[in-house]
Amino acid sequence: MHRYLFALLIAASLLVNHAQAADERADLISQVMQAETAFAKTMEARDHKAFTEFLAEETIFFSGKKVLHGKQEVAAAWKRFYDTPAAPFSWTPETVEVLNSGKLALSS
């Protein structure tokens with residue numbers, strides 16, 4: 001009887017931990033979605049300075065076959081997109097994935 005009770009307690013604990021982890025991950029996904037949406041609005045607002053403030057020092061952007069490394073390189077390369085009165089394009093995050101550790105996310 002004690003063995004079954006112990007197994008039931010472990011199973012319940014695992015379910016609670018899994019639910020908490022799922023809630024935390026959902027919160028992280030929401031945070032990334034909100035940040036990416038605000039980042040995209042810098043294009044609409046034509047605000048290159050705000051765009052640059054979203055960039056991490058170690059940022060990496062894929063631009064066709066070229067890879068842009070670092071905040072300064074990305075900011076310089078994207079400056080041309082902010083020079084015209086009308087935004088040349090827009091984007092919105094459709095998919096966000098976050099590592100369970102919360103240390104890295106990907107949006108597309």
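Read along the sequence, the protein follows the pattern α-α-β-β-α-β-β, with helices (H or I, at least four residues) and strands (E, at least two) taken as DSSP runs numbered from the N terminus. The model is predicted: local features need pLDDT of at least 70, side-chain atom pairs count only at pLDDT 80 or more, and totals for chains, interfaces and linings use all residues. Residues are numbered from 1 along each chain as its sequence is written, and side-chain values use heavy atoms, with hydrogens and water left out.

**Exercise 1. State how many helices and strands the protein has, and what share of its residues is buried.**

Solution.
- Step 1. The protein contains 3 helices and 4 strands.
- Step 2. Buried means under 20% relative accessible area, exposed over 50%, and partly exposed in between (1.4 Å probe, protein chains only).
- Step 3. Of the 108 residues, 22% are buried.
- Step 4. The exposed surface of the protein is about 8,300 Å², and carbon and sulfur atoms supply 60% of it; accessible areas come from the Shrake-Rupley method with a 1.4 Å probe, and for residues only the protein chains shown count as cover.

**Exercise 2. Describe the aromatic pair of Phe39 and Phe54, then that of Phe61 and Trp78.**

Solution.
- Step 1. Rings of Phe, Tyr and Trp (its six-membered ring) pair if their centres lie within 6.5 Å; planes under 30 degrees apart count as stacked, over 60 as edge-to-face and the rest as tilted.
- Step 2. The whole structure holds 13 aromatic pairs. In one of them, Phe39 and Phe54 are 5.3 Å apart centre to centre with 50° between the planes, a tilted arrangement.
- Step 3. Phe39 belongs to helix α1 (residues 2–44) and Phe54 to helix α2 (residues 48–54), so this pair ties together parts that are 15 residues apart in sequence. Phe39 is buried at a relative accessible area of 10%, whereas Phe54 is partly exposed at 42%.
- Step 4. The ring centres of Phe61 and Trp78 are 5.4 Å apart and their planes stand at 85°, so the pair is edge-to-face. Phe61 is in strand β1 (residues 60–63) and Trp78 in helix α3 (residues 71–78), 17 residues apart, so the pair links distant parts of the chain. Both Phe61 and Trp78 are buried.
- Step 5. One aromatic cluster includes Phe39, Phe54, Phe61 and Trp78.

**Exercise 3. Determine which residues of α3 are buried and which are exposed.**

Solution.
- Step 1. Val74, Ala75 and Trp78 are buried in α3.
- Step 2. These residues cover an arc of only 100° around the axis, which puts them on the same side of α3; the arc is that of the directions from the helix axis to the C-beta atoms.
- Step 3. Gln72 and Ala76 are exposed on the other side of α3.

**Exercise 4. Identify the partners and settings of three salt bridges.**

Solution.
- Step 1. A salt bridge is a side-chain nitrogen of Lys or Arg within 4 Å of a carboxyl oxygen of Asp or Glu. The structure holds 3 of them.
- Step 2. Arg25 pairs with Glu97, with the closest N and O atoms 2.5 Å apart. Arg25 is in helix α1 and Glu97 in strand β3 (residues 96–98), so the bridge ties together parts that are 72 residues apart in sequence. Arg25 is partly exposed at 27% relative accessibility, and Glu97 is partly exposed at 43%.
- Step 3. Lys49 pairs with Glu53 at 2.8 Å between the closest N and O atoms. Being 4 residues apart in helix α2, Lys49 and Glu53 are separated by about one helical turn; both are exposed.
- Step 4. Lys79 and Asp83 meet in a salt bridge at 2.9 Å, N to O. Lys79 is partly exposed at 37% relative accessibility.

**Exercise 5. Examine the charge environment and the contacts of Glu36.**

Solution.
- Step 1. Glu36 lies in helix α1.
- Step 2. Glu36 is buried yet has no salt bridge, and the nearest side chain of opposite charge, Lys41, is 12 Å away. Lys and Arg count as positive and Asp and Glu as negative; His and the chain ends are not counted.
- Step 3. Contact means heavy atoms within 4.5 Å. Leaving aside neighbours within four places in sequence, Glu36 is in contact with Trp91, Pro93 and Ser107.

**Exercise 6. Characterise Arg46 by location, phi and accessibility.**

Solution.
- Step 1. Arg46 is found in the loop between α1 and α2.
- Step 2. Its phi is near 60°, a positive value in a residue other than glycine. Most residues other than glycine have a negative phi.
- Step 3. Arg46 is buried, with a relative accessible area of 19%.
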